[in-house]
Amino acid sequence: MTKSNLGNFFEDFTPGQQIAHATPRTLSEADSALNIALTGARHALFSGDSFAQDCGLAGAPIDPLLVFHTVFGKTVPDISLNAVANLGYAEGRFVAPVYPGDTLSAVSEVIGLKANSNGKTGVVTVRTTGFNQDDEPVLSYVRWVMVNKRDAAALTTDAPPITPKNVVSANELMLPPGLDFSNYNWTLAGSPHAFEDYELGERIDHVDGMTVEEAEHQIATRLYQNTAKVHFDVLAQKESRFGKRLIYGGVTISLARALSFNGLANAQLMLGINGGRHVNPLFAGDTLYAWSEVLAKEDLGEVGALRLRLVALKNQNAAGFPLKNQAGEYEANVVLDFDYWAAIPKR
Amino acid sequence: MTKSNLGNFFEDFTPGQQIAHATPRTLSEADSALNIALTGARHALFSGDSFAQDCGLAGAPIDPLLVFHTVFGKTVPDISLNAVANLGYAEGRFVAPVYPGDTLSAVSEVIGLKANSNGKTGVVTVRTTGFNQDDEPVLSYVRWVMVNKRDAAALTTDAPPITPKNVVSANELMLPPGLDFSNYNWTLAGSPHAFEDYELGERIDHVDGMTVEEAEHQIATRLYQNTAKVHFDVLAQKESRFGKRLIYGGVTISLARALSFNGLANAQLMLGINGGRHVNPLFAGDTLYAWSEVLAKEDLGEVGALRLRLVALKNQNAAGFPLKNQAGEYEANVVLDFDYWAAIPKR
Amino acid sequence: MTKSNLGNFFEDFTPGQQIAHATPRTLSEADSALNIALTGARHALFSGDSFAQDCGLAGAPIDPLLVFHTVFGKTVPDISLNAVANLGYAEGRFVAPVYPGDTLSAVSEVIGLKANSNGKTGVVTVRTTGFNQDDEPVLSYVRWVMVNKRDAAALTTDAPPITPKNVVSANELMLPPGLDFSNYNWTLAGSPHAFEDYELGERIDHVDGMTVEEAEHQIATRLYQNTAKVHFDVLAQKESRFGKRLIYGGVTISLARALSFNGLANAQLMLGINGGRHVNPLFAGDTLYAWSEVLAKEDLGEVGALRLRLVALKNQNAAGFPLKNQAGEYEANVVLDFDYWAAIPKR
């Protein structure tokens, strides 16, 4: 039998199965620098140690999205090597900050299995938890993905997924211990706009655009130790539907989030991921734009939380806030519809 | 009103205005490694901790050009987002070394404003100072840039710029505290040529060439958190004069300086920037070459200082030291004419 | 006389010559992160500090191949700037681990010189040793390379090379002090396959493919401070045999080794390099695949050692284990035939 991992197929998953994923990864200042270099991230809390210290932290933490991609990357060899489509995620919660020097690992539980009627694929739902070197959870999220069957005739057991919540409740959002915005430096943060200034339904054009190169998304995706071959193997992709490499959706999220600095500079800290869908593929050579909408506001006491929809577009700027056509379908240039909570200082 | 930053236009600047720029940035060993990976830098003082320690320092400092690009990058969203042309800089002085772990921020003062007669643009001159986390200045320089007006009819006040000095005086050059070349290891540095060996007017062909890729300059420019859209947004650039992305001039300077190792390996430490002009654009796919000329020599006591002209060329090697044609205009392949001071050990 | 280094030509080398190479380089966590980002490396010992600590080490060491490339890079300006072909290496031994913060330098001894009958070139054989900041050797290897003569008429002295051993003896393999696999976590390592599970002659298809971009190999090769112009200067390369940039062979080795994780996840630690040949060139745009063969097994007591042949292919997957044609020549898609020792835990 081969010692190579060909990935799990739909019939390999069982309800309630616990999968401990390989390759613990220590994140360092290097990952923060690479995150900046690869995405253009500018939120001050993750860029400057002294800024983070003025906010009550020991130093600049690792960007939560980098934590997400690192944890997600670990799950790929076990969960989605034979995935046909990444359908979505939900209930993402960043429950403890990650600092340079922390080592991350990940465990997933299979919480849903549903064979498709075509007999060829099924939907696997997992709840993944990322842990640090002290076995403290730092992140958990639910993800569902369509996975190929190895053998169409294989018998499978359905296990209806626990329906994920549409929104992470505000009382489940966790702030990094010590976080204190009372000395917040609005100038160094890059914007005067506080929690109070954002209005429900407000939409923000993030203006700037970013063209993505093959080398950039490959370097980023390898940094996350994400091995999904659709991002790396042009030869194999030539026979795929698109005929070329796809950019990992996490790269799209991080690029869009970095673009959102321009208008949301004070929405420093991603606290939760309510949901996310990659509605069209992004390819190298495409130029990404983004806009945001304020979906909800919650006063968490010391800080405010904004629930934000982050929409990313390819090859079309965000003026006019494109999203769906009259039939309710996503427009062809929309690549990402992402829904998250962010901490933002109050005035 | 939009919360997005559309940048300042010429009429937004006022004489004497102080602008504190956003996004403090902690530089780490990662930035030094990325500087090497992105530019090919080889000057030993910034590459090896033990070499730097033998030169009296606590460890390898951050390359001064990386400090420059980081500080410069912070100014872009406030100063040059609507720039038409980067006209030049002068009076650059590296006044304190930056070590891994230091956090940089930047402040600019508007020291000159001059509307152009076309009514559409004006020249803004600023003096920018970079600070570390202890509010100690690490770098200052003067820059002038041509900026669009938002409204051609807007009234503006001229404030004639203080004429920058052509050359930073030798007595203004600052060496890192503790720097001591008495145990200098010429072999590990890569060249036997000392301060005494360089002659006024001597020209050095740096021989090697470096082809630049889109991903490389974008990664570097994002590392500096420089957001000028001309470097990143191919869609917007299609309507520009060149029809494609421009490489940030700082990338050109760092690449040329890295090439200059071959002939100037002991010119370890940039101390001052007398002036610099980007005389032609550099694009991805171009191959960069460089040559240097010794413009002046100053004995600073413990060390020598060379005033060097660093000329970078695209798609033409440096044999013959191309610079200007008979009419005194820069030749088309010359992209950079840069004038700086470097510390070099004496024998 | 020019101060630029044009490299040594064949007649510049003398038997027994000792060459101390320039540019000491401190490796840090950043180099480990970049190694992951540029190659896709996943062996847990170099990825997670806590995993390395559970294996008795102070933290994750620097990947031995990164040590090799760094040491090798230092030799290029002295040994192979005028090389026509990199013929091979042997007797590679990693004799002490390298940790973040260590500073590497390199010394080579000329142990063989043989002029070719064409009068234009000769073969230079060197033994190179890499040292850390305490002057302890960390790596030694023998390399032979065909180098141009500056002057076909130049007289040269032959010094027949000491014939390198075909294989590093198992008793010469050095394990990092403290290494202890008794608490080895097979799950976090990513595979259940121990020393005992691999059979002599067993071949493993590593399945995955990786397409290489110009920016990626250039960034990696600069990270190693390898200045060979064939990797960087598209203009000079236009007049070469291939008409374009060649990818540094060390990048190929590291990519193939990273691909080999899939099937050899527990072959954590490269201990020795028995030999290596780059049998066909790799170019940007090519997709790399790899397979391995178990050539020998040695029980080192606490751990096992596998002698592995690592074969890398371009633009053809590894199914069928392509290597040589019936005439005994390497097939056109084979780019690397590499022979090394790796430490692997016993059950």
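Which residue of chain C comes closest to the rotation axis? Keep that one in mind for a moment, everyone. Before I answer, one caution: what you have in front of you is a predicted model.

Let's begin with the symmetry. Two copies of a chain are related by a rotation about an axis and a shift along it. Here, a turn of 120° with a shift of 0.0 Å along the axis lays chain C on chain A, and the RMSD is 0.0 Å. That is the relation of a three-fold axis. And the answer to my opening question is C:Ala30, whose C-alpha lies 2.7 Å from the rotation axis.

Now, do the copies meet through the same surfaces or different ones? Through different ones, because only 9% of the interface residues of chain C are also interface residues in chain A. Let me take the two contacts of chain A in turn.

First, chain B against chain A. The size of an interface is often given as the accessible area lost when the parts come together. For chains B and A that area is about 3,000 Å², and carbon and sulfur atoms give 59% of it. On the chain B side, the residues that lose the most area to chain A are B:Lys3, B:Pro24 and B:Arg222, which together make up 25% of what that side buries. In residue numbers, chain B brings 34 to the contact and chain A brings 45.

What about polar links? Between chains B and A there are 3 salt bridges, and 20 residue pairs are in polar contact. As for which elements take part, those of chain B giving two or more residues to this side are β2 (25-26), α1 (29-39), β4 (103-115), α5 (214-223) and α6 (234-237). The largest share, 6 residues, comes from α5(B). Sorted by class, this side of chain B holds 14 nonpolar, 12 polar and 8 charged residues.

One of the salt bridges is worth a stop. B:Lys3 pairs with A:Glu202, with 2.5 Å between the closest N and O atoms. B:Lys3 also touches A:Asp197. Please find A:Asp197 in the loop between α4 (186-189) and β7 (203-205) of chain A. Buried or partly exposed? Partly exposed, with a relative accessible area of 22%. Leaving aside residues up to four places away in sequence, the other neighbours that A:Asp197 touches are A:Pro192, A:Glu202 and A:Arg347.

Next, chain C against chain A. Here 45 residues come from chain C and 34 from chain A. The two chains bury about 3,000 Å² between them, with 59% of that on carbon and sulfur atoms. Within the area that chain C buries, C:Ala37, C:Arg42 and C:Leu188 supply 18%, more than any other three residues.

Across this interface there are 3 salt bridges. One to look at joins A:Arg245 and C:Glu213, at 2.9 Å from N to O. There are also 20 residue pairs in polar contact. Several elements of chain C give two or more residues here, among them α2 (49-54), α4 (186-189) and β10 (287-299). The one that gives the most is α1(C), with 8 residues. The classes on this side of chain C come to 19 nonpolar, 17 polar and 9 charged.

Let me zoom in on C:Ser47, in the loop between α1 and α2 of chain C. C:Ser47 counts as buried, at 4% relative accessibility. What does its side chain reach? The backbone oxygen of A:Pro24, at 2.7 Å. Around C:Ser47, not counting residues up to four places away in sequence, the contacts on chain A are A:Thr23, A:Pro24, A:Arg25, A:Thr26 and A:Gln225, and those on chain C are C:Ile36 and C:Ala60.

Last stop: helix α1 of chain A, residues 29-39. Why call this helix largely enclosed by the rest of the structure? Because 10 of its 11 residues are buried. The buried run includes A:Ala30, A:Asp31 and A:Ser32, and A:Thr39 is another of the buried residues. Just after α1(A) comes A:Gly40, with a positive phi of about 85°.

To take home: chains C and A are related by a three-fold axis, and the copies meet through different surfaces. Thanks, everyone, and I'm happy to go back to any of these views.

Definitions and conventions. Residues are numbered from 1 along each chain as its sequence is written. Chains are lettered from A and ligands numbered from 1 in the order in which they are written. This is a predicted model: local features need pLDDT of at least 70, side-chain atom pairs count only at pLDDT 80 or more; totals for chains, interfaces and linings use all residues. Side-chain values use heavy atoms; hydrogens and water are left out. Contact means heavy atoms within 4.5 Å. Buried area is the accessible area (1.4 Å probe) that two parts lose on being put together, summed over both. A salt bridge is a side-chain nitrogen of Lys or Arg within 4 Å of a carboxyl oxygen of Asp or Glu. A polar contact is a pair of N or O atoms within 3.5 Å; within protein, one must be able to donate a hydrogen and the other to accept it, and residues adjacent in sequence count only if both atoms are side-chain atoms. Helices (H or I, at least four residues) and strands (E, at least two) are DSSP runs, numbered from the N terminus. Ala, Val, Leu, Ile, Met, Phe, Trp, Tyr, Cys and Pro count as nonpolar, Asp, Glu, Lys and Arg as charged, and the others, Gly among them, as polar. Copies are superposed by least squares on the C-alpha atoms of residues with pLDDT of at least 70 in both. Buried means under 20% relative accessible area, exposed over 50%, partly exposed in between (1.4 Å probe, protein chains only).
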